[in-house]
Amino acid sequence: AGAPRIDAMKIDIEGGEAAALKGLFAGAGARFRPDLVIMETSHGSAAALLAAEGYGETLRTARNAVFVRR
């Protein structure tokens, strides 16, 4: 509630990543859009949603990917 901004966020909610990100982007102001998102990708991916919001994938492992806001 009193946080000035979100710098980084790790999302691992067993396939619910896209729904959570849609809610974040729809309801949060610009200061609460994290600069860096680490997201589990083994249950599907919200990579297209992140790309549409200005994030680019910078690293991928077997189960996770890192996205940075441009």
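**View 1. The four-stranded open sheet of the predicted model**. The four strands, which are DSSP runs (E, at least two residues) numbered from the N terminus, are arranged in the order 1-2-4-3 with mixed pairing, two strands being paired if DSSP finds at least two bridges between them. Strand 1 (8-11) and strand 3 are the edge strands, each pairing on one side only. Neighbouring strands are turned by 20° against each other on average, direction ignored, with axes fitted as lines to C-alpha atoms. This is a predicted model, in which local features need pLDDT of at least 70 and side-chain atom pairs count only at pLDDT 80 or more, whereas totals for chains, interfaces and linings use all residues. Residues are numbered from 1 along each chain as its sequence is written, and side-chain values use heavy atoms, with hydrogens and water left out.

**View 2. The antiparallel pairing of strand 3 with strand 4**. Strand 3 and strand 4 (residues 64-69) are joined by five bridges, and R69 of strand 4 is the bridge partner of Y55.

**View 3. The buried and exposed faces of helix 1**. Helix 1 (residues 17-27), a DSSP run (H or I, at least four residues), has E17, L21, L24 and F25 as its buried residues, buried meaning under 20% relative accessible area and exposed over 50% (1.4 Å probe, protein chains only). Because these buried residues cover an arc of only 90° around the axis, they lie on the same side of helix 1, the arc being that of the directions from the helix axis to the C-beta atoms. The face turned away from this buried side carries the exposed residues A19, K22, A26 and G27.

Notes
pLDDT is the predictor's confidence in each residue, from 0 to 100. Axes are lines fitted to C-alpha atoms, for helices over the stretch in contact, and angles run from 0 to 180 degrees between N-to-C directions.
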